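Let's take a walk through a protein together, beginning with its overall plan and ending with a few single residues. Keep the picture open as you read.

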Amino acid sequence: PGGPLRAESGRALTSELEEHGQAWNVDGSARFLATRPVLLISTTVNPYRASFVSALHRAGSRKVVAVNWESDHSFSALRIKLARTVVSWLHGGCGL
């Protein structure tokens with residue numbers, strides 16, 4: 001839902017997020033993903049992960065793998081673990 005952010009300043013970004021907040025709420029996307037395998041890799045500082053996983057389960061998703069690591073946003077210290085997790089999921093949980 002929605003397109004890319006178009007803001008050119010911090011104030012514009014805040015306004016854009018407030019304007020589209022409901023439409024861009026990731027929990028609302030759970031129903032579109034319920035029939036698909038989902039791998040959610042998140043950090044312990046992400047307050048929205050648990051809510052999204054719950055929304056996926058409420059939508060009927062049975063193929064959710066959610067991991068939560070203590071790391072920065074870009075997983076700088078966990079790049080190899082990140083790659084191995086994704087590849088493992090692609091071979092097992094995703095069916096590739």
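**From overall plan to single residues**

If you follow the chain along its sequence, the elements come in the order α-α-β-α-β-α. That gives four helices and two strands in the protein. Bear in mind that what you see is a predicted model. Along its principal axes, the C-alpha trace spans about 40 × 35 × 20 Å.

Now think about inside and outside. The protein has 96 residues, and buried residues make up 23% of them. Here, buried means that a residue has under 20% relative accessible area, while a value over 50% counts as exposed, and anything in between is partly exposed. The accessible surface of the protein comes to about 6,900 Å², and 55% of that surface belongs to carbon and sulfur atoms. The chain also brings distant parts of its sequence into contact: of the contacts with a separation of 6 or more, 58% are between residues 24 or more positions apart.

Let's go inside. Which residues make up the largest nonpolar core? There are eight in all: Ala30, Val38, Leu40, Phe52, Val53, Ala55, Leu56 and Val64. Both β1 and α3 supply at least two residues of this core, and the largest share, four residues, comes from α3. There is also a second, separate core of five residues, which includes Ile41, Phe75, Leu78 and Leu82. A general tendency is useful to remember here: in soluble globular proteins, nonpolar side chains tend to be buried together.

To see how one member of the largest core is surrounded, look at Ala30. Leaving out residues up to four places away in sequence, Ala30 touches Phe52, Ala55, Leu56 and Ala59.

Next, look for an open space. The second largest pocket has a volume of about 210 Å³. Its lining consists of Val26, Leu40, Ile41, Ser42, Thr43, Val45, Asn46, Tyr48, Arg49, Phe52, His73 and Phe75. Two elements, β1 (38-43) and α3 (49-58), each give two or more residues to this lining. What gives the most to the lining of the pocket? That is β1, with four residues. Sorted by class, the lining has seven nonpolar, four polar and one charged residues.

Some of these lining residues deserve a visit of their own. Thr43 is found in strand β1. Is Thr43 buried or exposed? Its relative accessible area is 6%, so Thr43 is buried. If you set aside its neighbours within four places in sequence, Thr43 is in contact with Asn68, Trp69, Ser71, Asp72, His73 and Phe75.

That last contact leads us to Phe75, which is found in the loop between β2 (64-69) and α4 (79-91). Phe75 counts as buried because its relative accessibility is 10%. Phe75 appears both in the second core and in the lining of the second largest pocket. Its backbone is worth a look too. Most residues other than glycine have a negative phi. Phe75 is not a glycine, yet it has a positive phi of about 55°.

Stay in that loop for a moment and find Ser76, which also lies between β2 and α4. Ser76 has 42% relative accessibility, so it counts as partly exposed. The C-alpha atoms of Ser76 and Tyr48 are separated by 20 Å, and these two residues are 28 residues apart along the chain.

Two more stops let you compare sequence with space. Ala50 has its place in helix α3, and it counts as partly exposed because its relative accessibility is 42%. From Ala50 to Arg62 there are twelve residues in sequence and 16 Å in space, C-alpha to C-alpha. Then move on to Trp89, in helix α4. With a relative accessible area of 15%, Trp89 is buried. Trp89 and Val38 are 51 residues apart along the chain, and their C-alpha atoms are separated by 9.3 Å. Try finding both pairs in the picture.

Note on methods: Residues are numbered from 1 along each chain as its sequence is written. This is a predicted model: local features need pLDDT of at least 70, side-chain atom pairs count only at pLDDT 80 or more; totals for chains, interfaces and linings use all residues. Side-chain values use heavy atoms; hydrogens and water are left out. On a 1 Å grid over the protein atoms alone, a cavity is a set of points where a 1.4 Å probe fits but cannot get out, and a pocket is an open set with protein on both sides within 12 Å along at least five of seven lines; lining residues have an atom within 4 Å of a point. Grid points are joined across faces, edges and corners, and a volume is the space filled by probe spheres set on the points. Ala, Val, Leu, Ile, Met, Phe, Trp, Tyr, Cys and Pro count as nonpolar, Asp, Glu, Lys and Arg as charged, and the others, Gly among them, as polar. Buried means under 20% relative accessible area, exposed over 50%, partly exposed in between (1.4 Å probe, protein chains only). Contact means heavy atoms within 4.5 Å. Accessible areas come from the Shrake-Rupley method with a 1.4 Å probe; for residues, only the protein chains shown count as cover. A nonpolar core is a set of buried Ala, Val, Leu, Ile, Met, Phe, Trp, Tyr and Cys residues joined through side-chain atoms within 4.5 Å.
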